[in-house]
Protein chains: 2
Amino acid sequence: MGPGPVNAHPRVLRAMSADMLGQFDPEMTGYMEQVMALYRPVFGTENRWTMLIDGTARAGIEAALVSLVSPGDTMLVVDFGRFGLLLKEIGERVGARVEMLSAPWGETVPMEAIAQAMARTGPKLVACVHGDTSTTMAQPLDGLGALCRDAGALSYVDATATIGGMEIAADRWGVDVVTGGLQKCLGGPSGSAPITISDRAAEHIFARRHTEHGIARADLAQGSGIRIGSNYFDLAMVMDYWSEKRLNHHTEATTMLYGARECARIALGEGLEARFARHAAAGRAVVAGARAMGLTVFGDDRYRMTNVTGILIPAGVDGEAVRRRMREDFEIEIGTSFGPLQGKVWRIGAMGYNAMKHKVLITLGALEAVLRAEGHATPPGAGVDAALEAWG
Amino acid sequence: MGPGPVNAHPRVLRAMSADMLGQFDPEMTGYMEQVMALYRPVFGTENRWTMLIDGTARAGIEAALVSLVSPGDTMLVVDFGRFGLLLKEIGERVGARVEMLSAPWGETVPMEAIAQAMARTGPKLVACVHGDTSTTMAQPLDGLGALCRDAGALSYVDATATIGGMEIAADRWGVDVVTGGLQKCLGGPSGSAPITISDRAAEHIFARRHTEHGIARADLAQGSGIRIGSNYFDLAMVMDYWSEKRLNHHTEATTMLYGARECARIALGEGLEARFARHAAAGRAVVAGARAMGLTVFGDDRYRMTNVTGILIPAGVDGEAVRRRMREDFEIEIGTSFGPLQGKVWRIGAMGYNAMKHKVLITLGALEAVLRAEGHATPPGAGVDAALEAWG
């Protein structure tokens, strides 16, 4: 019950024990087509280029940034936590001139501030995290795409921590590239990063196409743009591999693809609206339970992620001892955080297969017992009762 | 029965249906320690830094090159096939000045030629593929490390296609970094790249350590070298994550780690010598079977990989029609190749779980029937009989 990775759905685990297929076997390429179709609604998009990057969520971020940004380009990062800092870090490594627009941890960034920062810095790319688990805040994104298009900028959103749990509306937001991961609200393992790319961004990326020498073909126009600084994360080659051209690039990670496919099938089978409501109920229940226990919930209520909740560690309580007892006595993992919040908050996640009523109730009951054992008594039963009522 | 990915061992598939663990759960970090210990003998090394890169085999290559090479460094590529060209391509993308030392496809590069090319070009890094599946040749590597150390150069070997099937002797070769993949002779899925790094190379890489801002710590000395041009592939951060520091980087791909661990356990349980002998028997059997069928085997017998065999497509035979019939009538996949060999050869692999007597015999029997159906009769039964005898 931490901020991810979380328990995987049993159906995902079963799907991952299927045997391999050759990468160009029609059954395998058929699965690749299915993955593209399945992830479009998950991302809230009709983008043709909707596929997987073979690596963890962070691999998806780097693939997006190294393919969108050319060295020397200005990139504006909308930052409100550790993963905003990660966008800066990756942006700098791929050669961007990074401008930061930062909110204090626990808040988000107003759209007007983004507009002003864009006017000031003239970015080629605006990059933003959707839900930053380090602060448990979710950045509102409606209107971001229009701002960027009006200014001739591309836009990128890291939705690792929200995809499958909160609405991702790539098309309504109007953003160009969104990436995610399986290990949070999609209820799968880390190691595959779903990505969607608008036609506009794809055109930009194909203008940098430099197919590798060993497999170059006459029917693939090479781009005039600067060659992308990574082979593995070159989205032009990844798109050519996922297209009907099936141009060999990496060897698609078969088992991870089976897992990613099953994650999306489960999400769409449940229904995205029902799934978002389930995560919202879980988030409400954790917040209500924590407050009924006399604990203080971190951050701005208006922008809270529904799938992870920060709770301030009360004065006099050893936060790590509590986490240890939770794990050793109850086999429940909860998180701490990073940077300014390290050792200051616990983070309780309720993501994917873990966003279930009984898991939330058991976690709060366990936390009560552990706090009591650590000498910090809370009103007996209050947390569980309040959570049960808040679930609705 | 292609050049990989191949069928995975059933034990690997079962291991991959185990549920997730938190990335800093002591059980998970215990598995990470086990993976380090299990892969040392697989690589033929005592290197402390022996771990996994979360991505396909190609991700391991890029992690090695981007971390070893600084922009402007000279990198000498020992090239004898498509994957030598890939080293060039990745080296250029990470900013190296790449010098090529190329052998014709079907041959390998003499060690004296490497010494001469090093004297001529003064490389910071010498990079070489061990077994290049595109040509089915394996480069002899004894002595490479000494050459490089004497010249003050680092050395890198891509052992993707041989690891677990032919001997990898990182320490005896004296090479600094070796990477692999699971999807060939280790009998697992693509998506995790084992890597080993010598202390000498680790020191070089830590001199470029630039821990990301969100997680920097006072006890981590930052290096004076040029920051590595990738976050995801920054081996300094990956090593800090796999060390007792457990510095957060990516979220380790849990399921792929379970799979990689089981691949190594199976290989060591069988015994590496027995495993290499099994692959050698399979290779001998394919070669003998093909020749008994009157087919011509591609490449230099002295340097043949044991786990994949190239067979020239006879004049007048439609190679793709043969591959299609093999797949549709027998559910057996065999490969073609790339570049100058595309459409010129078939490649029959016998890797990992597929390097078994019955699979080799069935494949040759199927090939005979398919060739007959395509109008190219071979002596009936001769391929299977010769393979059975050659297996020994």
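Q: How much area is buried between chain B and chain A?
A: This is a predicted model, where local features need pLDDT of at least 70, side-chain atom pairs count only at pLDDT 80 or more, and totals for chains, interfaces and linings use all residues. Residues are numbered from 1 along each chain as its sequence is written, chains are lettered from A and ligands numbered from 1 in the order written, and side-chain values use heavy atoms, leaving out hydrogens and water. Buried area is the accessible area (1.4 Å probe) that two parts lose on being put together, summed over both. Here carbon and sulfur atoms give 53% of it, and the total is about 4800 Å².

Q: Which three residues of chain B supply more of the area buried against chain A than any other three?
A: Contact means heavy atoms within 4.5 Å, and 59 residues of chain B are in contact with 59 residues of chain A. Out of the area that chain B buries there, 15% comes from Arg58(B), Arg93(B) and Tyr232(B).

Q: Which strands are at the edges of the sheet in chain A?
A: Helices (H or I, at least four residues) and strands (E, at least two) are DSSP runs, numbered from the N terminus, and two strands pair if DSSP finds at least two bridges between them. Seven strands make an open, mixed sheet in the order S1-S9-S8-S7-S4-S2-S3 (chain A). An edge strand pairs on one side only, which here picks out S1 (49–53) and S3 (97–102) of chain A.

Q: What is the bridge partner of Val77(A) in S4(A)?
A: Strand S2 (residues 74–79) and strand S4 (residues 125–129) of chain A pair in the parallel sense, over four bridges. In S4(A), Val77(A) is partnered by Ala127(A).

Q: How are H8(A) and H9(A) placed relative to each other?
A: Axes are lines fitted to C-alpha atoms, for helices over the stretch in contact, and angles run from 0 to 180 degrees between N-to-C directions. H8 (residues 199–206) and H9 (residues 235–242) of chain A pack at about 115°, with axes 9 Å apart. Angles under 35 degrees count as roughly parallel, over 145 as roughly antiparallel, 65 to 115 as roughly perpendicular and the rest as oblique. H8(A) and H9(A) are therefore roughly perpendicular.

Q: Which residues of H9(A) make the contact with H8(A)?
A: H8(A) brings Ala202(A), Ile205(A) and Phe206(A). On the H9(A) side are Leu235(A), Ala236(A), Met239(A) and Asp240(A).

Q: What is the bridge partner of Met75(B) in S3(B)?
A: Strand S2 (residues 74–79) of chain B runs parallel to S3(B), and six bridges join them. Within S3(B), Met75(B) is partnered by Val98(B).
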